[in-house]
Structures are given as C-alpha cells and as structure tokens.
Amino acid sequence: MNDSNSNPQQPAADNPVHGGLVSAQGVDLDLFEPIDTQMQEWTTDSGTGVKFVEARGLPIVDIVLRFKAGTTQDTVLPGLASLAFYMLDEGSQQHTATQQAEQLERLGAVMEKQIRLEHATLSLRSLSTEALLDPALALFIDLVARPAFTADALAKIKSQLLRHNASREHHPRLRARSEAFRHMFSGHQYGNPLGSTQQGIDQATPEDLRRFHQRAYCASNLDIVVVGDLSLAQAQAVSQRISQALPQGWSAIELPAATPAAGTTFNVEQPGASSAVLIALPMGVPANHPEYPAMVLANEVLGSGIASRLMNELRHRRGLTYGIYTRVNALSAGGLFSVEWDIAPEYVEGSNVLVETLLREFIDQGPTQAELQMACKQLAGQLLREVAQNKNLAALLTHLTYQRQPANYLDTCIDRLAMLTPADVRAVMQRRLDLSQAVRVSVGPHAEQQALPATDQ
C-alpha cells in the first residue's frame, strides 16, 4: 500500500529551504500571504509628514521621529549634530536627565535613539492606555523639543563622544569602513564617517547647540511614523501634538551628488589576531530607482546569508572565515556596494583576489534562476517577519520614508522582486558596478602573505 502518511518521520525532500525539517513537509514556500499594511498618510499643519498603521493586537504604541539632522548637516562645526543629538536626553527646561529616565521607567515606556550620516532618529514605545501614553508622550516631546543644553552636561558628552570616536577607530571592521568612506567620498559630507572632529567638538558651545536645534529639530524637517493600538483620530492628535511643540520653518540642506573616486588599496596595520577586509564599489543607484530591486537581489545571492555564494566559497569550501557578507548602502547623494570579511592576516591578499574573482564572475554571468528564486523567498520571509511586529514595522516604514519609496512599496515589493530575471540582474550589475573603481581596505597585523589553502570540497 502506497500511503504518503505511513511514515510520518520521513524527512522533507532535499531542499535548502526546508532544511530537512519534518514540520516543513507539505508547506508551499512559494506561496506567501499578501502584505496589506493599510497605511494612512498625511501632513500636519506644521509640515510634518506622517505615516500611520493601526494595529490592535497589543495595547502598545510605537512612535518614531526621524529628523534630517544627521552629521552631514554640520555646516559650521563637525560634531555639532552629534553633540546636539546626544544632549537631548541630558535634561530639558522642565526635567533633569534623572527625572526623565525615572518617569519613563515608572510609566513602562522605552525611548531609543540613533544618529547616522543623514538622520537622527528617536523612538518611543508605550502602552496605549491614555493614563500611561499621555504622560509618556509629554516627556518624549519635552525631551525632543525643549532640551536644556547645559554647560556641565555638554562637557560630559564631549568627553564621551571623543572616547566613542577613538573606540571606533580601533575596531578593525569599523575602521575599514571609515577608511573606505574617507577615500570614496573625499570632499563630500559623507567623507567624515565619524561625523565629527576633535576641533569641532572642542569648539562647540551650548549656544551653538541651541542654534542647531532650532534649525534641525523643527517640524518641517521631520517625518513621523506611528504604529499600534490607536484610532486614526488619536494618531492624528499625537502627530499634531508633536509637530506643534517643535521649532518651525527650516529644512535640511540637500546634499550634492557624490563623485566616484578612483580605486585604491589601503593596508592599515593594527594589532590583533585577525584582519578585517573590505572591498567597496561606488553604486550610484538610489533606493527608489527602478534598478535598486535588482541590486537587492544580487546582494542576497552573493553574500546575505549562510547559503550565499561568497559564504559557500570562503567558509564552507575553504574554511577561511567565519562569515563574509555583502551590503547595499543607498545614500541619498550616492552609495556603495561592499563586501566585508575577517580572515587570518597571512591570507589577506589571497582572499582579496579570490573575492574579486567571484565578484567579476557574478557581474559577467549573473545569478541562476534557482538562486533568484531562493533569494526572493528569503527576502519575502524577512519582510513578512518585519511587518508582523509593530516595532519592526515602525522602523521599516521610517526607513522607507527616508528612501522616498512609494506608498504601496510594502504591498508590491515581493511581486516586483519575483518579476526580475537573471538577465535583468546581470544587466544592472554590469551597468552599476565597476571593479576598476574598487577600494580595498584591510585592518590588522602585518604578516607574510601565503597562498590560500586547498578547498575542502
């Protein structure tokens, strides 16, 4: 008798997605639930763009503020944006830093913040009960809109920022990224990846910070995302309350397009047991460009997971590294495609040659249809996980706003990725990536270079 259910312990068919899991049998991984975020958008009276998704499953609200107040907005002193940002939770005109922290903790609210080249982001997660959300929101607004900028707190933050910058320069992988940015974006605002200099930090005064805050942290320089247990009317009231409390009437400077630099090689000697290696290529594809999805798929196939081409070649077949990853960094005025890995110092040159050979083959030949199908499944799964959690969805919508993606992006991106063919991806890679412009950086101890060991397979 041929009964398909007679052996329930039989593993799933050889399939890298199933991974042999019994629980995956009978699951069609080509079928995904359609994404329908039911996002609503509007602009407040003060010029703040708002995105809102009502999610009633949990009594929680996530609010994300993204100001165009990143380090590239330092038009006077390199370090002003970072100092102003880190001073936001060092006390307001109404509360000390300790009072702010204690009151948020009592309310069960969590605030997080992050500054990057182009943006400063602050988020609040609170229970949606009015008795808790209202005071938590008041504290959050007070912190963002009315910072005290005291001299004593500034002296402390200056010292912390200088130590933070020094620490980044001693971290091999972060140092490699910084060296690549300094060369690739020399003369451009992106060319200072730390976002500050010692001179700029030393010279900044509380009054400088107040002037910067009045410009950069104004309502017209802000995007808000709200996700959670609120009605549309409540979300509109929250966004209006935030934007009205902020300074008014300034917009961030638009950055000039970055000019690609010539390819080069940097070897930075630094003590350690291994070397961090990076290859970066100028990309020139904005995130809202029609060719960007092809770059995302190429990234997924090449180096975005344990089954990627580069991981298979350098880790599984050769045992050279624990991990090797590619990254697509689409900045508003330029961007780069990079490969990063750690390796024994004696194999830096050999691994560089190997990775460039694999890159050249991929650019020339493109991915296979099977690789693209696998990449689409992986990206669809990642996206479904992101939209299933309110906090992650809020962060994702904030990022998509920065990328200037269309309103229906989440609901259509899986279908658009699935439409791309190997020929499409190959054509975009050949147009957009030029290995003659590669910037190669290694950070680690000096070592006599050796030939790569033979493959294990």
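The following legends describe close-up views of cysteines and salt bridges in a predicted model.

**View 1. Cysteine residues C413, C376 and C218.** The whole structure contains 0 disulfides. For C413, the closest cysteine sulfur belongs to C376, and the separation of 10 Å is too far for a bond. A disulfide would require the two sulfur atoms to lie within 2.5 Å. C413 is buried, its relative accessible area being 6%. C218 is likewise classed as buried, at 0% relative accessibility.

**View 2. The salt bridge between R146 and D142.** A search of the whole structure yields 26 salt bridges, one of which joins the side chains of R146 and D142, with an N to O distance of 3.1 Å. R146 is partly exposed, with 30% relative accessible area, whereas D142 is buried at 1%.

**View 3. The salt bridge between E313 and R317.** The side chains of E313 and R317 form a salt bridge with N and O 2.9 Å apart. On the acidic side of the pair, E313 has a relative accessible area of 11% and is therefore buried, the limit being under 20%. Its partner R317 has a value of 22% and counts as partly exposed.

**View 4. The salt-bridge network of E169, R175, E179 and R182.** Salt bridges link these four residues, E169, R175, E179 and R182, in a network. Within this group, E169 pairs with R175, and their closest N and O atoms are 3.8 Å apart, a distance that falls within the 4 Å cut-off for a salt bridge. Both E169 and R175 are buried.

Conventions
Residues numbered from 1 in each chain as written. Predicted model: local features only at pLDDT ≥ 70, side-chain atom pairs only at ≥ 80, totals over all residues. Heavy atoms only, no water. Buried < 20%, exposed > 50% of the residue type's maximum accessible area, 1.4 Å probe, protein only.
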